[in-house]
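Work through these exercises with the sequence and the 3D view open. Try each task before you read its solution.

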Amino acid sequence: MASEQQLSAIKGAKVLMVGAGGIGCELLKTLALSGFQDIHIIDMDTIEVSNLNRQFLFRKSHVGLSKAKVARDAVLRFRPHISITPYHANVKDSDFNVDFFKQFNVVLNGLDNLDARRHVNRLCLAGGVPLIESGTTGFLGQVTVHIKGKTECYECQPKPAPKSYPVCTITSTPSKFVHCIVWAKDLLFAKLFGDKNQDNDLNVRSSDATSSSEHAEDVFERKKDEVIEQYGRKIYDHVFGYNIEVALSNEETWKNRARPKPLYIRDVLPIELIQQNGNADKSFVADDSSSVSAMASLGLKNPQDIWSLRENSRVFFEALRLFFVKREKEIGNLSFDKDDQLAVEFVTAAANIRAASFGIPLHSLFEAKGIAGNIVHAVATTNAIIAGLIVIEAIKVLQDDANNYRMTYCLEHPSRKMLLMPVEPFEPNKSCYVCSETPLLLEVNTSRSKLSDFIEKIVKAKLGMSFPLVMHGSALLYEVGDDLEEDMVANYEANLEKVLSQLPSPVSGGTILTVEDLQQELSCNINIKHSDGEVAGVGCQVPDARTEKPLGEGWQLEDFDEEKEPDGMVLSGWTKEKDKTTSTENGASTSNASEAVSLETKEDSDIEIVPTGIESVTTGKKRKLPEMSDATIPDSSKNELHEIDDDDDGDDLFMLDDGDSDGSKKKRLQ
């Protein structure tokens with residue numbers, strides 16, 4: 001039972017929830033049942049069918065409606081006397097500014113992406129409002145408390161940007177199945193069914209003047225009198241055969257790599273089988289385009305089976321045929337959707353055929369869908385546990401019970417019969433550029449990089465600023481706003497196209513730029529260090545993954561590594577050199593338990609997949625771990641405990657440890 005003091009704090013609190021998905025539904029229910037009287041919810045999403053298996057406030061009749069509004073109505077049915085205010089909107093909208101946040105006693109996050117989390121963190125810091133973060137993925141989860149000036153903020157430990165792979169790795173030298181998925185999804189699928197005019201490296205043409213006319217033209221253009229089977233064979237032979245032969249012609253590339261094998265349809269699938277495609281299941285009928293399936297047409301039942309090369313080839317042809325027969329009107333405007341069964345089947349088959357060519361193990365459709373859609377399947381029980389922990393921490397915050405704040409991790413395979421691992425929060429990281437205003441360092445070629453590159457790839461993508469202002473001393477280089485005069489807007493647009501060294505106030509090595517976001521009330525200084533490091537182009541030679549040289553420690557950088565810094569800019573400075581080990585009083589190491597990174601998806605990125613392996617820094621006050629020397633925690637490529645995102649959009653996260661994710665691996669605290 002709650003004490004009188006706790007009940008008083010609960011009833012008098014005004015709470016803001018951000019996110020009404022997997023965690024949010026459980027959280028709203030738990031807040032209402034715990035006695036909270038004034039709750040506000042922000043969520044921009046609408047309900048999807050895939051949400052219904054774990055977001056229990058929603059029903060099938062609610063599909064397409066606002067999550068925030070439906071969640072409110074559902075809870076008011078059993079708690080009609082409390083106040084719940086829903087906002088069907090983006091938390092980054094200008095209406096939700098610092099003054100809006102200041103009215104709340106505590107903010108509870110149940111978000112599914114890094115950008116929104118950083119935005120909320122900054123508004124809470126600016127308004128002095130306590131923030132409780134949370135996340136779940138599968139059986140793992142965690143809750144963290146962030147109080148300005150008392151604990152680390154959400155950004156005190158650096159979060160990884162989505163992993164991006166150089167185009168040359170994807171198109172020429174794949175070494176992991178994820179490379180094949182990215183190729184099939186973002187290049188082949190997009191080229192065949194998206195905008196035909198987009199330029200990508202699938203249009204490999206021989207430079208030999210005597211080359212056949214078949215490869216001197218755009219093979220992706222289907223001729224008027226060309227039957228689907230003939231068109232499919234042409235595409236298959238081009239991307240899996242001819243393109244591989246062109247890549248093999250560069251002997252230098254394959255000195256330290258296994259050579260791929262060109263695959264032509266005549267060697268894989270007899271022509272009569274191609275013509276029989278779709279006749280395996282005579283009873284299959286699909287008038288509804290959303291239910292069209294190559295697997296059903298071919299009589300393939302189990303999505304967890306790993307298809308042979310021949311089966312993948314049949315699925316490839318059948319999926320291609322069905323797109324043209326059943327969904328021809330959509331061709332030219334399609335983009336990959338993990339909930340599009342036919343698209344997933346096509347991408348799985350294409351990725352597996354490419355994997356077979358490069359000697360990479362094949363994967364099932366179930367596994368391929370997980371990689372392509374960044375999926376980790378959500379568990380409702382984990383969401384419920386995390387929601388309960390959020391409320392417990394919220395009550396502590398409302399009572400200002402700082403000595404008992406805990407960051408709590410929910411573990412998949414507990415030892416000593418412990419499900420939860422509580423850890424004392426850190427003090428603020430003195431090197432954090434968000435809450436400690438520490439300058440950053442940007443290594444960049446100032447003679448080549450434009451101001452637009454700096455703003456899009458650094459200020460917006462890496463620093464998470466939405467409405468940036470850039471200054472060099474007293475000179476204003478860039479600003480956004482509705483109240484700007486036309487001549488100012490023209491000047492700023494002209495600046496965007498200039499390289500840094502040719503701006504009206506030139507930027508060179510030693511320059512200090514000030515970047516501000518007025519909405520977030522955030523300002524930071526960036527020290528510019530000029531570097532002549534070259535970035536390899538599209539036809540680059542990518543070093544073997546087993547031997548590639550990592551970025552140097554501290555401020556040292558020999559050359560830009562396109563695999564790690566494809567934008568040719570290296571931003572650093574809010575982390576110091578990584579501590580080897582941080583010991584606690586009981587002898588346990590916090591190097592695993594305290595290093596948290598986030599998983600997030602980026603829907604509109606180019607060629608990206610999300611990694612979990614990144615090194616972060618332990619600073620400030622040491623966390624105290626319970627007596628659990630035999631405890632186990634999830635392992636990653638860097639032996640860290642991941643910070644996990646709520647799977648809010650219907651299973652849209654995938655945990656990737658450099659291609660070798662293994663949920664059964666554990667790392668002991670020693």
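Contact means heavy atoms within 4.5 Å. Helices (H or I, at least four residues) and strands (E, at least two) are DSSP runs, numbered from the N terminus. The model is predicted: local features need pLDDT of at least 70, side-chain atom pairs count only at pLDDT 80 or more, and totals for chains, interfaces and linings use all residues. Residues are numbered from 1 along each chain as its sequence is written, and side-chain values use heavy atoms, with hydrogens and water left out.

**Exercise 1. Find which residues of α2 meet which residues of α3.**

Step 1. Locate helix α2 at residues 22-34 and helix α3 at residues 67-76.

Step 2. List the contact. L28, K29 and A32 in α2 meet A71, R72 and V75 in α3.

Step 3. Sort these residues. Ala, Val, Leu, Ile, Met, Phe, Trp, Tyr, Cys and Pro count as nonpolar; Asp, Glu, Lys and Arg as charged; the others, Gly among them, as polar. The contact of α2 with α3 has four nonpolar, no polar and two charged residues.

Step 4. Take the angle. Axes are lines fitted to C-alpha atoms, for helices over the stretch in contact, and angles run from 0 to 180 degrees between N-to-C directions. The axes of α2 and α3 come within 10 Å and cross at roughly 35°.

**Exercise 2. Put the six strands of the open sheet in order, and explain why one side of β12 and of β15 has no neighbour.**

Step 1. Recall the rule. Strands of a sheet pair through backbone hydrogen bonds, either parallel or antiparallel. Here two strands pair if DSSP finds at least two bridges between them.

Step 2. Read the order: β12-β11-β13-β14-β10-β15, with mixed pairing.

Step 3. Look at the edges. β12 and β15 each have a single partner strand, so one side of each is left without a neighbour in the sheet.

Step 4. Follow V470. Its bridge partner in β12 is Y478. In β13, the bridge partner of V470 is V515.

Step 5. Check both pairings. β11 pairs with β12 in the antiparallel sense over three bridges. β11 and β13 are also antiparallel, over five bridges.

**Exercise 3. Is C156 buried or exposed?**

Step 1. Apply the cut-offs: buried is under 20% relative accessible area, exposed over 50%, partly exposed in between (1.4 Å probe, protein chains only).

Step 2. C156 has 0% relative accessibility, so C156 counts as buried.

Step 3. Place the residue: C156 is in the loop between β6 and β7.
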